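Please look at the sequence and the model shown here. The text that follows goes through the strands, the overall fold, the nonpolar cores and the ligand site.

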Amino acid sequence: MSDSSEKTASEKPQAGTGKAGKASLEAMASRARLETRNLTVKYGSTVGVEDINIPMCDNSVTALIGPSGCGKTTFLRALNRMHDLTRGASIEGKVLLDGKNIYDDDVNPVIIRRKIGMVFQKPTPFPTMSIFDNVVAGLKLVGIRNKKVLQETCEKALRQAALFDEVKDRLKTAAVSL
Ligand SMILES: Nc1ncnc2c1ncn2[C@@H]1O[C@H](COP(=O)(O)OP(=O)(O)OP(=O)(O)O)[C@@H](O)[C@H]1O
Ligand SMILES: [Mg+2]
C-alpha cells in the first residue's frame, strides 16, 4: 500500500494539464454528463485518489492511464458508489451525473448502479448461480419472472457480448466455469 504523500504529481490521475489542456478541460466540463469535482477517496488514512476533477462526455471514450497503485480502480469505483460497500472507505467531493451529485442523501445507490455500470477486469459472476441465472439476475431482482422474457433477454444479452455460441449448451451449469 502506498500513501498519497508517496505519489509524485505525475503518478496521480489528472486531466488536461497545461494551458491548452485546461482550455479543453473547461470546454469538456460544459458538456459533461458525468463529472468529478474535487473527488478524494480514502481507505482509513490511506489516500486512494486526491482532489480529482475529470469531466466525461456523452458518446466519447475517456481513458484512465497510470502506473499500478495510482488510483484508477479507486476512481472508477467512486463513479457508481461501489465504495459504499468497502469497509473504512470515505469520499469527499462530488460525482455529478447530469448535474446531480450521486452522493447526495436523497440518491438511491441501487438506481445509480443501474445507470452507471462497471465491467470488471476479471469475470465476477455470482459463484453459486448458473450462467443463465447470472445473466437474468437483474431482471429477477426487479420481479420479472416470465420464462419467455427471461430466456429471450438472456440470449440477446449473451449475443450482444459475443458469448452465446460459447455458452448456449451449458446455460444451467455454474457460472464459475466461465
Ligand atoms: N480496499 C483498500 N484498502 C486500502 N487501500 C486500498 C484499497 N484499495 C486500494 N487501496 C490503495 O489505494 C491506492 C490506489 O489503488 P488502486 O487499486 O485504485 O490503484 P490502480 O491504479 O487501480 O492500480 P492497478 O493498476 O494495480 O490496478 C493504492 O495505494 C492502494 O494500495
Ligand atoms: Mg486497478
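In this predicted model, β1 pairs with strand β4, residues 89–97, in the antiparallel sense, and eight bridges join the two. One of the residues involved is Tyr43, whose bridge partner in β4 is Ala89.

Strand β4 also pairs with β5, residues 100–101; these two run antiparallel and are joined by two bridges. Here Leu96 stands opposite Asn101 in β5. The connection between β4 and β5 is a hairpin with two residues between the strands. Asp98 lies in that turn and has a positive phi of about 50 degrees.

These strands belong to a chain with seven helices and five strands. Read from the N terminus, the order of the elements is α-β-β-β-α-β-β-α-α-α-α-α. The chain has 178 residues, of which 15% count as buried. Among its contacts with a separation of 6 or more, 59% are between residues 24 or more positions apart.

The next topic is the nonpolar residues. In soluble globular proteins, nonpolar side chains tend to be buried together. In this chain, the largest nonpolar core has 10 residues: Leu39, Val41, Val49, Ile52, Ile54, Phe75, Ala78, Leu79, Val95 and Ile102. Elements that each supply at least two residues of this core are β1 (32–43), β2 and α2. A second core, separate from the largest one, has five residues, including Val135, Val136, Cys154 and Ala175.

What surrounds ligand 1? Its shell holds 14 residues, and the closest of them are Tyr43, Ser68, Lys72, Thr73 and Thr74. Two elements, β2 (46–52) and α2 (72–78), give two or more residues to this shell. The largest share comes from α2, with three residues. By class, the shell consists of 10 polar residues, three nonpolar residues and one charged residue.

Some names recur across these parts of the model. Tyr43 is the bridge partner of Ala89 in β4, and Tyr43 is also among the closest residues to ligand 1. The helix α2 supplies at least two residues of the largest nonpolar core and gives three residues to the shell around ligand 1. The strand β2 likewise supplies at least two residues of that core and gives two or more residues to the shell.

Methods
Residues are numbered from 1 along each chain as its sequence is written. Chains are lettered from A and ligands numbered from 1 in the order in which they are written. This is a predicted model: local features need pLDDT of at least 70, side-chain atom pairs count only at pLDDT 80 or more; totals for chains, interfaces and linings use all residues. Helices (H or I, at least four residues) and strands (E, at least two) are DSSP runs, numbered from the N terminus. A residue is buried if 20 or more other C-beta atoms lie within 10 Å of its own, exposed if 12 or fewer, and partly exposed in between; C-beta atoms are placed from the backbone. Two residues are in contact if their C-beta atoms, placed from the backbone, lie within 7 Å. A residue is near a molecule or strand if its C-beta atom, placed from the backbone, lies within 6 Å of it. Ala, Val, Leu, Ile, Met, Phe, Trp, Tyr, Cys and Pro count as nonpolar, Asp, Glu, Lys and Arg as charged, and the others, Gly among them, as polar. A nonpolar core is a set of buried Ala, Val, Leu, Ile, Met, Phe, Trp, Tyr and Cys residues joined through C-beta atoms within 7 Å. Two strands pair if DSSP finds at least two bridges between them.
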